[in-house]
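Reader: Hello! I have a few labels I would like to see justified; could you take me through them?

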Amino acid sequence: MNTARSLSLRHKVTALALTASLLVLVTASLIFYSRQRASAREASLQMLKVRLAVVGETLATALEFKDNRPVKEAFGHLAQDANLRLIVAYDENRAVVEKYPPAAGEPAPARAPVESATYEDDILRLSLPVRHNGAVVGTLYVVRDMAEVRAQSESALISAGLAALIALGLGVVFSGVLS
């Protein structure tokens, strides 16, 4: 077996160039993965905020007049998203008005959390105020599993890794042909 000392200068330079190329490709793949994951999370968050804003507009009057029927109907539309684990509506006093699903394993905070969006282990917890005529009349709180974002990011990482391996293989073939 050849050791690095017994290799010709040409083979050492080729090996060094291929190693450097591999490091650059792996680094670029990891950067691509992290940026893709961040942008997918942000896009998913913005889409959910828009959906909640629309639902909030629908619920504003219902919350102001303490009518739970429109709240249940709106939750039924939101619940079509299979990744939603919990949807909770709170009134202006931050008390629970309605929870969907009613017997979910995910516990609902007893009082409405302040407006926020947090990620924890690919779980998004989003709390947005519901406004009517400029006044806060309630809060919507959603817990959503971001598994599809993780799956998209992993798919992108696999694609980038395959591209890196193909590029490395082509580099080996071309270096063999040219030497």
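Author: Gladly! Keep in mind that this is a predicted model. Let us begin with Leu-25, which lies in helix 1.

Reader: Why is Leu-25 called partly exposed?

Author: Its relative accessibility is 26%. Buried would need a value under 20% and exposed one over 50%, so with 26% Leu-25 belongs in between, as partly exposed.

Reader: And what does Leu-25 touch, apart from its neighbours within four places in sequence?

Author: Leu-25 is in contact with Ala-164 and Ala-167. There is also a long step in sequence here: Leu-25 and Leu-162 are 137 residues apart along the chain, while their C-alpha atoms are 10 Å apart in space.

Reader: On to helix packing. What makes helix 1 roughly antiparallel to helix 2?

Author: Helix 1 covers residues 9-64 and helix 2 residues 69-78, and the two pack at an angle of about 165° with their axes 9 Å apart. Angles over 145 degrees count as roughly antiparallel, so the pair earns that name. The crossing of helix 1 and helix 2 is right-handed.

Reader: Which residues make that contact?

Author: From helix 1 come Arg-51, Leu-52, Val-55, Leu-59, Ala-62 and Leu-63; from helix 2 come Pro-70, Val-71, Ala-74, Phe-75, His-77 and Leu-78. By class, they divide into 10 nonpolar, one polar and one charged.

Reader: How do you know that the buried residues of helix 2 line one face?

Author: The buried ones are Val-71, Ala-74, Phe-75 and Leu-78. Viewed down the axis of helix 2, they fall within an arc of 105°, so they line one face of the helix. On the other side of helix 2, Arg-69, Lys-72 and His-77 are exposed.

Reader: What covers the buried residues of helix 2?

Author: The cover includes helix 1, strand 1 (84-91), strand 2 (96-100) and strand 5 (135-145).

Reader: Strand 5 is a good next stop. Why is Gly-138 called buried?

Author: Gly-138 sits in strand 5, and its relative accessible area is 0%. Buried means under 20%, so Gly-138 qualifies. Beyond neighbours within four places in sequence, Gly-138 is in contact with Leu-63, Tyr-90, Asp-91, Glu-92, Pro-129 and Val-130. By contrast with those contacts, the C-alpha atoms of Gly-138 and Phe-174, 36 residues apart along the chain, are separated by 65 Å.

Reader: How do you know that Thr-139 is buried?

Author: Thr-139, also found in strand 5, has a relative accessible area of 8%. That value is under the 20% cut-off, so Thr-139 is buried. Not counting residues up to four places away in sequence, Thr-139 touches Val-88, Ala-89, Tyr-90, Ala-112, Pro-113, Ser-127, Leu-128, Pro-129 and Val-130.

Reader: Now backbone angles. What makes the phi of Arg-94 worth a mention?

Author: Arg-94 has a positive phi of about 70° although it is not a glycine. Most residues other than glycine have a negative phi. Arg-94 lies in the loop between strand 1 and strand 2, and with a relative accessible area of 33% it is partly exposed.

Reader: And why is Asn-133 called exposed?

Author: Its relative accessible area is 72%; exposed means over 50%, so Asn-133 is exposed. Asn-133 is placed in the loop between strand 4 (123-132) and strand 5, and it has a positive phi of about 55° although it is not a glycine.

Key. Residues are numbered from 1 along each chain as its sequence is written. This is a predicted model: local features need pLDDT of at least 70, side-chain atom pairs count only at pLDDT 80 or more; totals for chains, interfaces and linings use all residues. Side-chain values use heavy atoms; hydrogens and water are left out. Axes are lines fitted to C-alpha atoms, for helices over the stretch in contact, and angles run from 0 to 180 degrees between N-to-C directions. Helices (H or I, at least four residues) and strands (E, at least two) are DSSP runs, numbered from the N terminus. Angles under 35 degrees count as roughly parallel, over 145 as roughly antiparallel, 65 to 115 as roughly perpendicular and the rest as oblique. A crossing is left-handed if the near helix is turned anticlockwise from the far one by less than a right angle, and right-handed if clockwise. Contact means heavy atoms within 4.5 Å. Ala, Val, Leu, Ile, Met, Phe, Trp, Tyr, Cys and Pro count as nonpolar, Asp, Glu, Lys and Arg as charged, and the others, Gly among them, as polar. Buried means under 20% relative accessible area, exposed over 50%, partly exposed in between (1.4 Å probe, protein chains only). The arc is that of the directions from the helix axis to the C-beta atoms.
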